[in-house]
Amino acid sequence: MLLESKENLTIDKEEFKPLIVAFCCNWCSYAGADLAGTSRLNYPANIRIIKVPCSCRVNPNFVLRAFQNGADGVVIAGCHPGDCHYSTGNYFARRRLTLFTSLLNYIGIESERLKVDWISAAEANKFATVMNDVLEKVHKLGPNRKLRDVRWKR
Amino acid sequence: MEEMISKMKKIAYEDLSTKKVDRVIGFGKGDFIYEANPIFISNLEEVDLLVWDLFCVNNLSKYLINELKNYQKIGIFLKGCDSLGFNQLVKDNKVDPDNVIVYGVPCEGMIDPNKLSKKNLLKDLRYLRRVDEKLIIVTKQGEKELIAKDYEYDKCLKCKHPNPVVYSELLESNTLRNSILTDDFEEVDRIEDMNSEERYEYWSEQFSKCIRCYACRNICPVCSCDKCIFDNLDIGVSGKAKVDSEDQFFHIVRAYHVAGRCVDCGECSRVCPESIAIDKLNRKIIKDITEIYGEYDAGLNPSKSSVLVNYKLEDFDPFETSKGGK
Ligand code: SF4
Ligand code: SF4
Ligand code: FES
């Protein structure tokens, strides 16, 4: 009983820490994240990076499931158009995600919560900037409740 | 109408008896006068069951997928909107056009029994006929003359292709028919004008009505995967639980899955027992594609590939921010 009430207290006091899920392509953005880490650049710890082979591997289902199961924001990052390891993957991804982000927006998800960007392996700075930027915006919006699965527990 | 029925019977009889086709897909009468159902004919005796009236609204093209597994050559009656679906099936490699003979049927617009029922015209309906823009209807109470447009399906009012866009034989010269609701992105615009909270409320309310009967998926000529993630619960992608998030998941994935391929035939909204505004999702995507990638022509040209399986180097890029960080 005592333990429980203690826990509740801490949660109440706890400031909102957004949870951001970042899908990063193996060849550029993930390497960019790596570089940001080794260069000791500051980027927020509440970003959960999921490595995907290529930005075009990100199925919209992944994004929806992320939002349903706790994400307050989702980032999809890939190589710059023209630089994809598989030559054309991100050109396809660009079209798909253009339509998909617009569709989610149409359904009522704030566009700040779903961010797509191109980050190369050398752009550690950009990686940190983009992540900080997303975090800031999501923080301003507050916790996400949209699309959330009622059965989900933090 | 009677003329058309005899043409249909004649061509079906001829092609079946000369073995040009071994199966014919057309319309037959249902249990009620306001029902027409798909029928599948292999025997010459059954040819007489073919009908053509103001309730032949079903898109028959999708039945080809299954029927072609058992039959070599199929003759099928397709209206304008059905022929768009047929083209898309060909493009998606679901149907080999060499195995199909399309009998094109120009369509004047179909009548929605629900609209008749709202005016209490359905119960004692005996007979119904269309003369140009007029609807002659005979009930127990006698004959009445109505304006046809008032009773057409919504999707028919918006129809852009009343005449088949592809056919082997055309059964009648083309109808001249104008759609009256020309600016049909208007509904999409209205939703776009809301703020994101309102939009979310609107769609949540729509989606939560869904009973997941999958009628919208089953009727759709474009939703043609052999195995659908929504039938395959073991892979853990989709859940059957009746919670908002699963309904949202279904609807977003369904709409996105037909992105660039949806032929805007309107069948999904028509069959939905909960009257969910499915078409407003499809049309949003169509609107985006039109604005960003140029004219939308799914179903019109079977040799041109769909928007999402294609790209251009100079495509519009809404994501590019500055290169490099601070
Ligand atoms: S999604 Fe609806 S309108 Fe589009 S092709 Fe399928 S049934 Fe027709
Ligand atoms: S037809 Fe309507 S109720 Fe049935 S699954 Fe589709 S949207 Fe849901
Ligand atoms: S490998 Fe990075 S986007 Fe394709």
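**Buried charges and nonpolar cores**

Biologist: Is Lys155(B) buried or exposed?

Modeller: In this predicted model, Lys155(B) counts as buried, because its relative accessibility is 15%, below the 20% cut-off.

Biologist: OK, and which side chain does Lys155(B) meet in a salt bridge?

Modeller: The partner is Glu267(B), and the N to O distance of this salt bridge is 2.6 Å. The pair links distant parts of the chain, since Glu267(B) belongs to helix α10 (residues 267-271) of chain B and Lys155(B) to helix α5 (residues 154-157) of chain B, 112 residues apart. Glu267(B) is also buried, with a relative accessible area of 0%.

Biologist: What about Glu67(B), which residue does it form a salt bridge with?

Modeller: Glu67(B) pairs with Arg23(B), their closest N and O atoms lying 2.7 Å apart. Glu67(B) sits in helix α2 (residues 63-70) of chain B and Arg23(B) in strand β1 (residues 23-29) of chain B, so the salt bridge ties together parts that are 44 residues apart in sequence. Glu67(B) counts as buried at 13% relative accessibility, and Arg23(B) counts as buried at 13% too.

Biologist: How many salt bridges does the structure hold over all chains?

Modeller: There are 43 over all chains, including one between Asp117(A) and Lys115(A) at 3.6 Å, N to O, where both residues are buried.

Biologist: Switching topic, which residues touch the most other members of the largest nonpolar core?

Modeller: In that core of 67 residues, they are Val63(A), Val74(A), Ile76(A), Leu103(A) and Leu104(A), and helix α4 (residues 89-107) of chain A gives the most to the core, with 8 residues.

Biologist: Which chain B residues does Leu103(A) touch?

Modeller: Leu103(A) touches Ile252(B), Ala255(B), Tyr256(B), Leu281(B) and Ile285(B).

Conventions: Residues numbered from 1 in each chain as written. Chains lettered and ligands numbered in written order. Predicted model: local features only at pLDDT ≥ 70, side-chain atom pairs only at ≥ 80, totals over all residues. Heavy atoms only, no water. Core = buried A, V, L, I, M, F, W, Y, C linked by side-chain atoms within 4.5 Å. Buried < 20%, exposed > 50% of the residue type's maximum accessible area, 1.4 Å probe, protein only. Helix = DSSP H or I, 4+ residues; strand = E, 2+ residues; numbered from the N terminus. Contact = heavy atoms within 4.5 Å. Salt bridge = Lys/Arg side-chain N within 4 Å of Asp/Glu carboxyl O. Lists of a residue's contacts leave out its neighbours within four places in sequence.
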